[in-house]
Amino acid sequence: MTKKRKHTRAEQTLWVFAVLAVFLAVAVLNYNQKTSRRVNEEIHATLESYAQQQADHVRTVLSGQFDSLGAFASYLGQAGMEDTETFLNAADAIRQTQEFYRITMANLNGNGMTNEGIQRNIKNLKEFQAAVKGEQTISEPFISSIEDGYLCVLLAVPIKNPQGEITGVLCGSYTAEQFGTLFLHDNFERNDASVLINGQGDVIVASKDEEMVVRDKSLENIYEKTKNEAFLDGHSVEDMQQAAKNQEKLVSLIQEGEQEYYVTQTPFGYNGWTLLSAMKRGEVDSSYAFVRTYAARLNIAFAVSFLLGFLLIFYLFRTERKALRAQTQKLLEEKEKLEVSEERFRLLARDSDVLVFELNNLDHTLEFNENFEKILGIKPDYQSFLDGKWVYPDDVTAFSRILPQFSSKKRGYDAEHPFL
């Protein structure tokens with residue numbers, strides 16, 4: 001059976017180092033993954049919270065606008081729609097405190113008057129038809145039929161008399177720029193871009209360089225513009241469209257050219273519209289830069305420790321290699337000296353009358369020099385030698401006493417016996 005080689009100190013150290021290195025590598029990798037996942041979760045939670053704030057802001061602003069318009073409609077219902085002078089005075093007063101560009105009052109036939117005294121019929125507006133049924137609505141952007149022809153968004157509420165009967169419709173309209181400012185102005189400082197889109201992805205209004213932009217051709221349809229961009233978080237344009245359709249919040253990470261953006265979309269709450277806000281990834285991630293810095297420092301510390309450990313192992317191997325080389329050289333020198341000594345002894349034994357033999361009880365072998373055959377003319381074997389076959393009969397008993405001494409711990413045993 002082959003004897004198992006004993007590991008050197010360097011090899012043992014290497015095994016310990018390898019186990020520790022693997023353990024630390026797994027620990028650092030696990031820490032990096034958990035840290036990255038946690039940071040991403042925090043970023044998404046922050047952006048979703050921001051989206052919720054936007055949604056709350058939209059509801060608050062719209063609620064305020066509808067409340068103002070509804071209060072005016074209630075006043076007109078009490079005073080009577082025939083009093084045009086009252087309407088004109090009150091409309092001017094409201095326009096000074098609200099963002100309405102124009103206010104229009106119409107009877108159930110659609111015949112109405114604007115705050116400038118312009119007569120018009122709005123019966124064909126679907127917002128008018130919805131208000132007649134008691135609903136309050138917001139229109140899609142459209143070009144005003146009045147001579148100024150501005151792109152406008154219109155809010156419509158019913159006018160009710162003291163008995164609660166609908167007697168007409170009150171409309172407040174904004175220019176698209178005014179309407180966008182109501183909802184996007186507060187986002188200038190935090191966002192690189194804010195866009196209000198309809199259900200098909202067409203841009204209604206957008207903020208650009210801290211100004212309101214209406215129907216910018218470069219942003220005409222946000223889905224068409226975005227479908228060629230790279231999504232870095234597994235989302236897609238289809239996901240954006242589905243979230244808009246379901247009126248759900250969604251945060252996507254999109255790369256546009258060399259720049260990466262977090263795009264947060266928030267349901268507007270009316271007409272299937274959606275608010276989109278884009279923020280540079282670097283600006284968002286900067287809030288968590290310290291976490292990534294600590295993770296990077298940990299990685300560097302691990303790399304340095306691994307390098308130092310490797311250098312230590314290298315040093316130990318090199319030191320033991322030198323020691324083994326010196327030990328091997330010493331053994332070779334001793335072996336050479338022993339071989340020379342054995343050769344001298346062999347020559348001496350051959351040229352003299354000395355009989356030399358070696359009895360091995362473990363292997364049951366007998367080795368002897370050539371003088372046995374030269375002087376005695378015999379070639380003894382192991383068993384015959386033990387039986388005393390080659391000893392004088394009178395000395396067999398004494399010779400047999402020698403054999404137990406071979407197994408004893410004595411360093412030597414002296415005896416004289418003549419051979420036949």
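Two strands count as paired if DSSP finds at least two bridges between them. Strands here are DSSP runs of E with at least two residues, helices are runs of H or I with at least four, and both are numbered from the N terminus.

This is a predicted model, where local features need pLDDT of at least 70, side-chain atom pairs count only at pLDDT 80 or more, and totals for chains, interfaces and linings use all residues. Residues are numbered from 1 along each chain as its sequence is written, and side-chain values use heavy atoms, with hydrogens and water left out.

**Exercise 1. Follow the strands from β1 to β3 and find the glycines with positive phi in the hairpins.**

Step 1: start with β1, which runs antiparallel to β2 (residues 111–114) and is joined to β2 by three bridges. A106 has G112 in β2 as its bridge partner.

Step 2: look at the link. The β1–β2 hairpin leaves three residues between its strands, and G110 there has a positive phi near 90°.

Step 3: move on to β3 (residues 119–121), which pairs with β2 over three bridges, again in the antiparallel sense. N111 is matched with N121 in β3.

Step 4: in the β2–β3 hairpin, with four residues between the strands, the glycine to pick is G117, with a positive phi near 85°.

**Exercise 2. Check the length of α2 and work out where its buried residues sit.**

Step 1: the expected span is 1.5 Å times one less than the number of residues. For the 14 residues of α2 that gives 20 Å, and the end C-alpha atoms are 20 Å apart, so the two agree.

Step 2: list the buried residues (under 20% relative accessible area; exposed is over 50%, partly exposed in between; 1.4 Å probe, protein chains only). In α2 these are T86, F87, A90, A91 and I94.

Step 3: take the arc, meaning that of the directions from the helix axis to the C-beta atoms. The buried set covers only 125°, which puts these residues on the same side of α2. As background, an α-helix has 3.6 residues a turn, so residues three or four places apart point the same way.

**Exercise 3. Map the largest nonpolar core.**

Step 1: apply the rule: buried Ala, Val, Leu, Ile, Met, Phe, Trp, Tyr and Cys residues, joined through side-chain atoms within 4.5 Å. The largest such core has 32 residues, and F72, F87, I138, L170, F179 and F268 have the most contacts inside it.

Step 2: see who contributes. Elements giving two or more residues include α1 (9–79), α2 (84–97) and β6 (151–160), and α1 gives the most, with eight.

Step 3: zoom in on I138. Setting aside neighbours within four places in sequence, its contacts (heavy atoms within 4.5 Å) include L62, F66, V153, F179, F268 and W273.

**Exercise 4. Classify the ring pairs F72–F87 and F268–W273.**

Step 1: rings of Phe, Tyr and Trp (its six-membered ring) pair if their centres lie within 6.5 Å; planes under 30 degrees apart are stacked, over 60 edge-to-face, and the rest tilted. The structure holds four aromatic pairs.

Step 2: F72 and F87 have centres 6.0 Å apart and planes at 0°, so they are stacked. The pair links α1 to α2, 15 residues apart.

Step 3: F268 and W273 have centres 5.4 Å apart and planes at 45°, so this pair is tilted. F268 is buried at 2% relative accessible area, and W273 is buried at 0%.
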